[in-house]
Structures are given as structure tokens and as C-alpha cells.
Amino acid sequence: MSKNSKVLNLRDKISGNEADLSLGNLTEVPVRELALFPKATVVDLSCNNIISLPPEFCSLTHLVKVDLSKNQLTCLPDDLGNLVNLQHLDLYNNKLTVLPVSFSQLRSLKWLDLKDNPLEAGLAKAAGDCLDEKQCKQCASKVLQHMRALQDEVDRAREKRLLKEKELERKKEAKQREREAREKEARKREKAEEKEKRRKEYNAQMAALAAQEQQKKKNEEKKKKNGQAGDKKVVVESAPKPRHSLIGLMFKLLLLLLLGLVGVAAACRMTDLQKEDVCVPVNVAVDDGLTWARRQEVVVRQLVQNLSSAAKEFLESTQTSKN
């Protein structure tokens, strides 16, 4: 038979509302089996080798009295405060140094024994000696007060931590909002700059178009003015043309007349017409003209000789002045 065979026969250990599991060399509490007997509100687990209580032990809320004296307990479960009906707790001669903060929730606790445990100074002072019934009741009261004070400190610390966390979160959110605001402002500024850039480009394009249009108008006006001046010049220059044309026409007519006279003179001198009455004055005029031409020939020759002599004298005088 195993060492836990007595646990399996828990029914044999129950008498009324008491379950006697003392002196059983137990190393753990049979929580599952105890939960099957909710009428067993008093449990004696003293004089065993129990090192710790499992978290499930805190679900045995029907327990009213528990004796865990003379074991090897070094700690109690954090949720021990769930045993709201517990009135009597014997932890004599274990290895406890502290109690869980939830211990302050054992509002029904009336009796407590913490003798022969290496308790920390504040808890040991609150627990006292617990040498009799009265001192054990005082131990329960003072330890609950002490644990409530610790609970308050824990609550304040937790509240302070929560406030600090909230403050940090608030600051973080504020920084996030500031960063978002800066980013939004930067995006807004970038959009404004981009819009201003596009506006300047548009204005520059419009100014260039206006300048081109103005230059085009100037060129058109200049061309128009040049065209008007050209028209005037053409008019001015073309005006004398009729005169030149008239002179040319007169010259041509004169030339034709001269040729006609020459022809008539030639006909009258070289043909049989020279004996005609019509040709008599012509021949006389021709003879007179030839006589005048011979006279003029003599004059021209004399003029040429005079000019040659003058030129020769001029050249000789020039050479003499150079020497």
C-alpha cells in the first residue's frame, strides 16, 4: 500500500464535520478529495511533511478550522484570502517568514497561532506570543490589522504605479499628439509650399505668355508701320515713274525723228529723188550742215592742239618742281 492510500480512504478519516489527516506523513494536501466532502469544515493536517499548499486549496471555501501546525510550510498561496469562512488557523511550528497580502481578507478569522516561525520583524511583533486562547485571538486581530496595513500600502503602491503608468501613458499620448500635430503641420506646410510653387510657375507661364503676346503685338505693329512706310516709299518712288517714262518716250520719238530725217536726207542725196522739189531744201540743209561741221572740225582741232600744249607745259613744270 502506498503512502497516500490513507488519503484515498478519506471517508474513513471523517467524523461528523471533522477530517483528521494528522500524523499521516503527507507531503501534499488532498485538495480534490476534500472538495468532495463540503460538510467537513474542520481539517486537521498537523504533524505531516507538507511544504506548500497548492493554489487549489484556496477553493475550499467551506473550511472553518484548519490545523497545519508542525509541517514544513515556507509560504502560503497568494489567494488564501478566498477562504472567507475560515475562523481558526493553526500555523504553529512551520518555516513561514511572511504571509500573503490577501491574508487581510480573512474577515471571519478569530484565532491564529504563528509561534515558532521565522517571521519578519513587523509580522512577528503583530503576532505576539500566542501562549493561550486570549493571545491567539489577539494574534488573529493584530495580524489582520497588520496585513490590512500592508494591503493598504500595496494598494497605494499599486494605485501610485497605476497613476504613474497613466501619467506615462498620458505623456506618451501627448507626445504622440504633438508628433502627429507636427507631422500634420509639416504636411500642411509642404502642401502650401507646393501650392505656392505651382502658383509661381503658373504666374511665370502667364507672364511669359503675356510677354510673348505683347512682343507679337509689337512685331505686328512694327510690321504694320514698316508696311505703311514701304507703301509710302513705293508711292513716293513710283510717282516719278511716269516722268521717266515720258522722257524715255520723248527720247525715243526724237530718235525716231532723227532717224527719219537721216533716212530722208540719205534718200534725197543718193537716189533719183534729189532732183525732186521736196529734196531741194533737204539737200541745201545737208550741205549747210556739212559745211558747218567742217568749220567746227577746224575749231575742234585747234582746241585739241591748245589743250595738248597746255598739258605738255603742265607736265614739264611739274617735273621741274620735283627736281
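Visitor: How many salt bridges does a search of the whole structure find?

Guide: The search turns up six salt bridges. Bear in mind that this is a predicted model, where local features need pLDDT of at least 70, side-chain atom pairs count only at pLDDT 80 or more, and totals for chains, interfaces and linings use all residues. Residues are numbered from 1 along each chain as its sequence is written, and side-chain values use heavy atoms, with hydrogens and water left out.

Visitor: What makes Asp155 and Arg158 a salt bridge?

Guide: The term asks for a side-chain nitrogen of Lys or Arg within 4 Å of a carboxyl oxygen of Asp or Glu. Here the closest N and O atoms are 2.6 Å apart, so the pair fits the definition.

Visitor: And how do you know that Asp155 and Arg158 are about one helical turn apart?

Guide: They sit three residues apart in helix H4, residues 133-238. A helix here is a DSSP run of H or I, at least four residues, numbered from the N terminus.

Visitor: Why is Asp155 called partly exposed?

Guide: Buried means under 20% relative accessible area, exposed means over 50%, and partly exposed is in between (1.4 Å probe, protein chains only). Asp155 has 25%, so partly exposed it is. Arg158, at 34%, counts as partly exposed too.

Visitor: What about Arg170 and Glu167: why is that pair called a salt bridge?

Guide: Their closest N and O atoms are 2.4 Å apart, so they meet the cut-off as well. Both lie in helix H4, three residues apart. Arg170 is partly exposed at 43%, and so is Glu167 at 30%.

Note on methods:
Helices (H or I, at least four residues) and strands (E, at least two) are DSSP runs, numbered from the N terminus.
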